[in-house]
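This report is an introduction for a reader who has not met the structure before. Please look over the sequence and the model shown here before reading on.

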Amino acid sequence: MTDRPLVALVYQRPGMPWMFEGARRAGVDVVLIHRPNPRPDEALPAQLPPAVVRTLPLDIFGDEDAALAAIEELHAERPLAALVTALDVAVPFTAKAARTLGLPGLSEETSFAVRDKREMRRRLEQAGLNTPAYVGLSGPEDWKLAADLVFPVVVKPAGGFTSLGVTRVDSAEELESTVKSVWEVCERYLGYGGSSAQFEGLVIEEYLDGAEYCIESLSYQGRVKIHTIGYKGCPEGPFFEEKVYRAPAPLSPEVERSIVEQITGAHAALGVTDGPTHSELRLRGDEAFLLEMGARVGASGASHHIVESVTGADFTGDTFRIAMGREPLGWDEPVRHQGTGAMYFVPVGGSGRITEIAGLSEAAADPRVDRIVQLLHPGDRILPYPEYSGYPGFVFSRHDSYEDAEQFHDALDESVVIHYE
Ligand code: ADP
Ligand code: CA
Ligand code: CA
Ligand code: CA
Ligand code: CA
């Protein structure tokens, strides 16, 4: 027997190690709850990740009641101190399971507001925060509701992820057909039209043409501490592939003030008082407009790499501490920036069966590279946009300056290439 607290980690991809490493630093044992039939990029390795003492297959979306019952049974055997997930779609289930066991976690209202983009927009607008003109749709036939918006607009699933289906539309004439095709993507990947859809609907909102930023924050007992603001590029669509993430981003004082104001306000508007958030926003002029706030560690845990490189904070470890109701480390000290963290998304650059991902082993030899994660391999298939195949891989690095990170990413643009059959 051990006296370490036991925490359930829900649907964490084993190839992304930061959550497991955070659990180890926080001194907890992990029971890894995983899909009964994992996709190739989620398969359990022969040797379990750090901190994992047990694995438990549960179909949390297909049979929520059975999954909750199994978690209660687990809790009766050895009590859980918390439940944690870094997967956005699993946030409502994880919060519900925590409530069922009487453990700390998000309220039902909050876990809904951070997952349904229609409710998120409504709450932000009601709180007086920057909101692009938008409409919520419950079916594709509602596309006409968006006729009065100023084009271009962006059509997106109400409860989507990783930009799945998100599409820019430039004119009213193209709106109906785009809404239809986004809805079809939702039917295939989000279960729209069936019984498994979590938040069946779409949002259409005005296109924000400024730079994009990601914000990593921790909250504890209602106080929000913004750890990093990072640059995410200036993607123009029509589909929004993620490419780079570098923090801390160079910002004018006006823009920084607006970002801090919007992020702090969004926590209050959405009711996120404890735990990590991963937020994305875009600028219009000097004003920041939130795109979405996830109540979880971003990028399957990889936001830890960004935060730790920039501030030295134990971001994923603190996520476990807060989940157990404990104070994060150094909570009374201000955030200090001491380095640059970077993340490069291996570009898909085509579709079909992968024969080779060139340039990654060379990148691994660069002393600035902390880690490379490859999720897709030769033989795996990439579907053409806007279909979803998962990310091929990432390069995580640390730099002495923002400019060095930028140059490094420009060089990877030349050297890292996926070849297809
Ligand atoms: P998801 O939950 O699928 O990640 P997001 O709302 O984050 O959906 O949208 C994905 C991407 O689409 C964003 O990162 C951004 O690049 C782009 N995008 C979304 N909404 C807008 C908008 N209103 N204006 C400009 N770009 C947008
Ligand atoms: Ca999302
Ligand atoms: Ca997003
Ligand atoms: Ca993202
Ligand atoms: Ca303002």
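The sections below take up the domains, the nonpolar cores, one helix, the ligand shell and one sheet.

## Model and domains

The structure is a predicted model. Its protein chain is divided into three parts: domain 1 (6-107), domain 2 (133-206) and domain 3 (212-420). Taken over C-alpha atoms, the centres of domain 1 and domain 2 are 31 Å apart.

## Nonpolar cores

The largest nonpolar core has 96 residues, and the members that touch the most others are Val7, Leu9, Val10 and Ala23. Both domain 1 (6-107) and domain 3 (212-420) give residues to this core, so it lies between them.

Val7 shows what such contacts look like. Leaving aside neighbours within four places in sequence, Val7 is in contact with Ala23, Val28, Val30, Leu80, Ala81, Ala82, Val84, Phe320 and Ala323. Apart from this core lies another, of 24 residues, which includes Val169, Trp183, Val185 and Phe240.

## Helix α3

Helix α3 spans residues 91-101 and is mostly covered, with nine of its eleven residues buried. The buried residues are Val91, Pro92, Phe93, Thr94, Ala95, Lys96, Ala97, Ala98 and Leu101.

Which elements cover them? Among them are the strands β1 (6-10) and β4 (80-85), together with the helices α2 (64-77) and α4 (108-113). After α3 comes Gly102, which has a positive phi, near 75°.

## Surroundings of ligand 1

There are 19 residues around ligand 1, and those that come nearest are Val154, Gly160, Ser163, Leu208 and Phe240. Three elements, β6 (153-157), β12 (275-284) and β13 (287-294), give two or more residues to this shell. Phe240 is thus named twice in this report: as one of the residues that come nearest to ligand 1, and as a member of the core of 24 residues.

By class, the shell around ligand 1 is made up of ten nonpolar, six charged and three polar residues. Domain 2 (133-206) and domain 3 (212-420) each supply at least three residues to it.

## A sheet of three strands

Strands of a sheet pair through backbone hydrogen bonds, either parallel or antiparallel. Here, three strands form an open sheet in the order β17-β15-β19, and the pairing is antiparallel. The edge strands, β17 (381-382) and β19 (417-420), each pair on one side only.

Strand β15 (residues 352-358) is joined to β19 by four bridges. Across this pairing, Ile357 stands opposite Ile418 in β19.

Key
Residues numbered from 1 in each chain as written. Chains lettered and ligands numbered in written order. Predicted model: local features only at pLDDT ≥ 70, side-chain atom pairs only at ≥ 80, totals over all residues. Core = buried A, V, L, I, M, F, W, Y, C linked by C-beta atoms within 7 Å. Buried ≥ 20, exposed ≤ 12 C-beta atoms within 10 Å, placed from the backbone. Domains from an automatic or database assignment. Contact = placed C-beta atoms within 7 Å. Near = placed C-beta within 6 Å. Nonpolar A, V, L, I, M, F, W, Y, C, P; charged D, E, K, R; others polar. Pairing = 2+ DSSP bridges.
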